[in-house]
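Please look over the sequence and the structure below before reading on. A short report follows them.

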Amino acid sequence: MRLKITTKNKTTQKSALTSAKPQRATPAAGVEAAEKAIERELRTAGFPMEMDDLKEYVMLSHKGISSEVFDRAFNKLKEAGRIFTNREDIVLLTSSAKLHTGVVQGHRDGFGFLICEEDVPDMYIPPEEMTKVLPGDIVVAREAGTDYRGRGLADIVELADRKLKRIVGRFELRRGVGIVVPEDARICKTILIAPGRSLGATPSQIVVVELEDKGLLTNSPVGHVVEILGTIDEPGMETEIAVRKSDLPYKFSEETKKEIKRFSDSVTKSDLRDRVDLRDIPFVTIDGADAKDFDDAVYCLPLEDGKFRLLVAIADVSHYVKPGCAIDKDAQLRTTSVYFPRRVIPMLPEELSNGLCSLNPQVDRCTMVCDAIIGANGLVEAYQFYPAVIRSAARLIYDNVWAALCNPNGPEAKVMEHVLGNVQDLYDLYKNLIKSRELRGAMDFETVETYIVANEQGKIEQILPRERNDAHRLIEEMMLVANTCAADFLQKNKAPCLYRVHEPPSQDRLEKARATLAPFGVTLPGGDSPTPGDYAKVLESIADRPDKAMIQTILLRSMQQAVYSPHNVGHFGLAYDAYTHFTSPIRRYPDLLVHRAIRGILRRRKYVPKILVEPNEADVSVQTREIICKAKPDDKKKVAHIDLWEKLGLLCSAHERRADEASYDVMAWLKCNYMQKKLGQVFKGVISGVSPFAIFVTLEDLYVEGAIHISGLGDDYFVFDDKSNEIYGEDSGLRYRLGDELTVKVARCDLDAR
């Protein structure tokens, strides 16, 4: 039942006001005294009061409180969350109503959860309450008892903010009335289209609708169509849907388009001012075959005693994109490039991302260089940063580089013979860096990545594993060197920045991982505080096992998510005390911020960022917020601009998740569409996930995951054991566990549910 905040009978309340005996007049009261008076009157009244009545009564009872002082005290109480007002200006004490503010998390089965901002357990939102809200809404809810599982029940009181401004869905006509069925299965309402406001949409077309209901939703929310995307079978429609469903910015502002026209197509003389000229050094870029934006170029020189001098040149985006400009605002709004099959939504306009900033071969480019000396043991002995100009000698591809390293006399080696010596030196350096990785106990997960081979219509023809070889690892290790040097440089110079932090596994995740690993005969050492080295030992011990991939998945699931934070807590997975992102400023906003901070140090100025886009509360989980915004115990006097860095950490972390979810949504749709052709076919698969209602099976060779509902497991009562992560039959004793091999038939493909 919805909490209805009302006042008592108007006549009765006015009577109470006039008959109440005023307190003795006091001298002019301060804001603090007024706060106490407001709270006391609300507590004494015992019921919600109208704002005007409350003000009148407080000022009547406390002659020293002026209207201005009341307003200031009222606003302070409201900002502190000690009182609550709804849209009708009804006021009540938050503590007396057990009100909680939080983010709505929807489920496709109609119910949801309130992820509370306060340190209280998440609350269950029953289906009838979920009809009032949308996933991502920030709401105020009353705690209305508990359900049969002992979970707090949320009774939605007020909408504080709505994340979803627009909804994408399928237009239909029902009895002559236009409706839109949302693509997001968590939105369990159809939307009525106001008469004459369909933009001429026809049944089955995919449209974008804007809600006209600004508060809590009614039984039949009304909206109007603002964009027609087309039909579901049009090429690329799955991407268009995901872009709008995830609210990804996909158009650059007019101001950005104007700014981009001012740039030259090439590096100018003025760009070269105060730069080290490295154009005679044969840098190379090594990327995937389909890459178009090249952030990094590398070169190394062998020294005495097995040492190397490594130069990592990174595109100097900060030279072109100045803080606060229109391009910067669009970049901050996106914070990352988003990659889909056959389409990329870049963080920067293509004139920069694929052109002036990209380290294309045989052209001058402005860079920021990390210049490091690395010992025979793979440890960095010295480093420096400086702006430079380079001219990449070659654009190389991972697979070709690996082929050339394996066969120096082969055709791939001959094509790159002018830089082959440099590539071989880089490989020798890589072998040293691997020693360093082993010394510090860093993990190395060999997970299977897949890519899609699509036809001209964007439909899947094949799903293939992406082979990862030492050419990939070589570049990864060079980037790790540059990123750790950047983090160390910023830390030593006490320059605020965003670190890439990865906290150790939580106790509950460790317990679950160990219980799940037990049936595999695998033990994770380290007690309550396993080190990265403990994980690395497990990975080494399972290297030759056929179930290696499943065990790696279990270990990965025990990990926390990595986020961006100004508070350095180290990177558990990589086993670094300090780590940041420096090497991809074309496609990641945190890297651009790190470049600006480094440039500030080199110029003896402190870089203070600008918040051009406020992070959306609904996009950030409570756990992520705790990691990003926690100050060190001794950091009692936080510098004012640290708050800016925290906001940027929240923004970049949330948008990184948003991009991942959008990419996953497209891949899931494409895979479902692909599997529709295989209905009725039988495949071998491995159980890759277990939940209370289903098991999930990844099909061999196809790399597609499907679900088997618990009702399809046989005539038995199956119970989910969350500690061992398995389902077992009470009568038969039949168990379904991670890693078990099954033979399955493709029964159905649900495109709407992905």
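This report covers the overall form, the surface and charges, and the nonpolar cores.

## Overall form

The model is predicted. The protein contains 21 helices and 33 strands. Its radius of gyration is 30 Å, and the globule rule gives 27 Å for 754 residues; the two values are close, so the protein is as compact as a globular protein of that length. The C-alpha trace spans about 100 × 70 × 60 Å along the principal axes.

Contacts between residues at least 6 apart in sequence were also examined, and 67% of these join residues at least 24 apart.

## Surface and charges

Of the 754 residues in the protein, 52% are buried. The accessible surface amounts to about 36,400 Å², and carbon and sulfur atoms account for 50% of that area.

The protein carries 103 positive and 113 negative charges. The mean positions of these two sets lie 5 Å apart.

## Nonpolar cores

The largest nonpolar core has 94 residues. Those that touch the most other members are Leu-278, Phe-283, Leu-310, Leu-396, Met-478 and Phe-582. Helix H15, which covers residues 470-492, gives the most to this core, with twelve residues.

Which residues does Met-478 touch, not counting residues up to four places away in sequence? They are Val-298, Leu-310, Val-312, Leu-426, Leu-429, Tyr-430 and Leu-433. A second core, separate from the largest one, holds 55 residues, including Phe-445, Ala-513, Trp-669 and Leu-699.

Methods
Residues are numbered from 1 along each chain as its sequence is written. This is a predicted model: local features need pLDDT of at least 70, side-chain atom pairs count only at pLDDT 80 or more; totals for chains, interfaces and linings use all residues. Side-chain values use heavy atoms; hydrogens and water are left out. Helices (H or I, at least four residues) and strands (E, at least two) are DSSP runs, numbered from the N terminus. The radius of gyration is taken over C-alpha atoms; the globule rule is 2.2 Å times the number of residues to the power 0.38. Buried means under 20% relative accessible area, exposed over 50%, partly exposed in between (1.4 Å probe, protein chains only). Contact means heavy atoms within 4.5 Å. Accessible areas come from the Shrake-Rupley method with a 1.4 Å probe; for residues, only the protein chains shown count as cover. Lys and Arg count as positive and Asp and Glu as negative; His and the chain ends are not counted. The place of a charge is taken as NZ of Lys, CZ of Arg, CG of Asp or CD of Glu. A nonpolar core is a set of buried Ala, Val, Leu, Ile, Met, Phe, Trp, Tyr and Cys residues joined through side-chain atoms within 4.5 Å.
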